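Colleague: Got a minute to go through this model with me? I'd like the overall picture, then some detail.

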Amino acid sequence: MKRKALIVLAAVLVVAGAGWGLSTRLRSPADEAAARKPPKPSLVTVAVERRKLVSTVVVSGALEYGSPYPVSLAGVVGGSDTAQRATRAPRRGTIKEGGVVMEVNGRPVFAFSGKVPMHRSLVPGVEGDDVRQLQKGLRRLGHAVPVTGVFDAATVAAVTRFYAKRDYRAQQPTLELRQKRDELRRAVRTAQEVLATERKALDLGRDVLPLKVRLANARRDLREAEQALARAPEATPDDAAKIEAAESAVRAAEEKLLAAQQEPTPAPTPTPSDSRLRDFQLANAQAELDAARRALERAHEEAGLAREKRLAEAGKSVRVAREAVVTAEQALRQARQLSPVKLKVANAQADVGAARALLAEFDKTYGTSVPPGEIVFLPKLPARLHKAGVKAGEQVDKPIATVTSSTFVVSGSVDAGEAERLKAGLAASIETESGRTVAGTVSALGGRDAKGAVPVVVTPASMKGLKKLAGAAVTVRVTIGATGAEVLVVPSAALVTAADGRARVQVETAPDQVKEVQVRTGLAADGAVEVTGDLKPGDLVVVNGG
């Protein structure tokens, strides 16, 4: 009986507990609405800090050798157009000025510094900036050659020495060119022989010998007359003697006048006759001097008139002799023009002139030369041969190599908006994947590409230890602004611009209480802004607007 009572009690307790639990989960609509009200809002604040602020632009790129430049030959190597085949391929490494890049058909390809590309054969007589570049390069290598811009004899000699010093022979005229020159020389000789034959026929056709003699005599008379005119003396012996005598008379009169002037002065009580005598002597001496001087002037004048007369006569003789030469030449020319073979002589003279002109034109460019393929001008040396374009045995019909500078650069890109904040010369920090950091500088910005990105080139401040990292991906942080010293910093989200255009922040003064503080903003970086105003480190500024 007692056991049944306990069971009934337990059941009652279970039912009562279940009822209570159910009653706690059941709410009225009013209770449910009250439970769903949002909690009272609270302020989100951040403390004001004092720290340095640095603004950067991040560039992702790769570390590689700078200034890649494809190298091609400008033409044939050697003097013939036979198949150009590499007999020594380009090799990776440093290229110095005057160094051999490769060999084609056993001939060298040299590297020189220059911005004007090789584009033609350098032959005697050509001129231009390419020749000037070569001359400057030869001078840098120790070969004395004037920098004239003309491929002249001095340049030919320097080129010959340069090739010989590197155990090569400078390019000489080919067999074809030598044969061509011999043909032109023979043409000149043949034309001269024909002219001589026709002239002989002309002279035999008419008796022109007397006219030739007359012309020769007239020319000799003209030479003698011109020599006589050139040797005409200033004065004849008679005139010179008269001038000398007049000059002697002047000197004597000057001595006499001087002696009279130095005569002792009479005593204080001289007789009137003594004073008049002295005055008379002085007057006579002066008159004699004046007369002697006039005589000297007349002598010079007469000598001048006589010389002018002689020159006039000599000039007349020259004119008469010239007229005689012209007359004799005209007579001989008319005599020859009457000959039936005059046209043959004229044609033969024209043929000689044409043959000589062709030979002279050919000789201007004949001699030691530099074929267009035997020099490559590179913008800067020394350079680094990064990759060979041909192998030994292959025909040279494509770029032979790619060269780079011996220094590293980081090549990357940023979007156009970020690029506007960059400029050459800005400091940068280059970070490798291994965590190494190298200082650098922005050296160049490119134009916007099709995707709107702008290429950026950063040059490391030091190349030490970078050789092993060639081709590695790096991250560059370009500093576009920095505060230098520690400044007050707030989150950019804390700034509020009022209607008057001035910036303010809200500072929490007590729980859920704020005051506005006007500030001036400075550098912004990484979501933070430099500010100045009535703030101090540790102040809490509102970032959610309250």
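Modeller: Sure. The protein chain has ten helices and 22 strands. Keep in mind that this is a predicted model.

Colleague: How much of the protein chain is buried?

Modeller: Buried residues make up 31% of the 546 residues.

Colleague: And what surface does the protein chain expose?

Modeller: About 33600 Å². Carbon and sulfur atoms supply 54% of that area.

Colleague: What share of the contacts comes from residues 24 or more positions apart?

Modeller: They account for 71%, counting contacts in the protein chain with a separation of 6 or more.

Colleague: Let's do sheets. What's the strand order in the open sheet with mixed pairing?

Modeller: The order is β5-β7-β8-β9, so to speak from one edge to the other. β5 covers 86-88 and β9 covers 375-378. Each has a single partner strand, so one side of each is left without a neighbour in the sheet. From one strand to the next, the twist averages 35°.

Colleague: How do β8 and β9 pair, parallel or antiparallel?

Modeller: Parallel, over four bridges. Strand β8 spans residues 107-113. Within that pair, F112 stands opposite F377 in β9.

Colleague: Which helix packs on that sheet?

Modeller: Helix α3, residues 129-140. Helix α3 touches β8 and β9. The direction of α3 makes about 90° with that of β8.

Colleague: Now side chains. Where does R107 sit?

Modeller: R107 lies in strand β8.

Colleague: Is R107 buried or exposed?

Modeller: Buried. The relative accessibility of R107 is 16%, and the cut-off for buried is under 20%.

Colleague: An arginine, then. What does the side chain of R107 make a polar contact with?

Modeller: The side chain of E374, at 2.9 Å. The R107 side chain also reaches the backbone oxygen of R169, at 2.6 Å.

Colleague: Which residues does R107 touch, leaving out those up to four places away in sequence?

Modeller: V77, G78, M102, Y163, R169, A170, Q171 and E374. So R169 and E374, the polar partners, are on the contact list as well.

Colleague: Let's move past the end of β8. Where's G114?

Modeller: In the loop between β8 and α3. G114 counts as buried, at 9% relative accessibility.

Colleague: What is G114 in contact with, apart from neighbours within four places in sequence?

Modeller: Q133, F377, L378 and P379. F377 is the residue that stands opposite F112. 

Colleague: How far apart are G114 and K136?

Modeller: They are 22 residues apart in sequence. In space the distance is 9.3 Å, C-alpha to C-alpha.

Colleague: And S369, where is that?

Modeller: In the loop between α9 (342-364) and β9. At 12% relative accessibility, S369 is buried. Leaving aside residues up to four places away in sequence, S369 touches L122, V123, F151 and Q171. Q171 is on the R107 list too.

Colleague: Switching topic. What order do the strands take in the open sheet with antiparallel pairing?

Modeller: β4-β11-β10-β6, four strands. The edge strands are β4 (69-71) and β6 (93-95), and each pairs on one side only. Here the twist averages 40° from one strand to the next.

Colleague: How many bridges link β4 and β11?

Modeller: Three. Strand β11 is residues 401-404. The bridge partner of P70 is T402 in β11.

Colleague: Last area: hairpins. How many residues lie between the strands in the hairpin of β18 and β19?

Modeller: Five. G501 takes a positive phi near 85° in that hairpin. Strands β18 (residues 496-497) and β19 (residues 503-510) run antiparallel and are joined by two bridges. V496 has R504 in β19 as its bridge partner.

Colleague: And the hairpin of β19 and β20, which turn residue has a positive phi?

Modeller: D512, at about 65°. Two residues lie between β19 and β20 in this hairpin. β20 covers residues 513-525 and pairs with β19 in the antiparallel sense over seven bridges. One bridge pair there is A503 with V519 in β20.

Colleague: Great, that covers my list.

Terms used. Residues are numbered from 1 along each chain as its sequence is written. This is a predicted model: local features need pLDDT of at least 70, side-chain atom pairs count only at pLDDT 80 or more; totals for chains, interfaces and linings use all residues. Side-chain values use heavy atoms; hydrogens and water are left out. Two strands pair if DSSP finds at least two bridges between them. Axes are lines fitted to C-alpha atoms, for helices over the stretch in contact, and angles run from 0 to 180 degrees between N-to-C directions. Contact means heavy atoms within 4.5 Å. Buried means under 20% relative accessible area, exposed over 50%, partly exposed in between (1.4 Å probe, protein chains only). A polar contact is a pair of N or O atoms within 3.5 Å; within protein, one must be able to donate a hydrogen and the other to accept it, and residues adjacent in sequence count only if both atoms are side-chain atoms. Accessible areas come from the Shrake-Rupley method with a 1.4 Å probe; for residues, only the protein chains shown count as cover.
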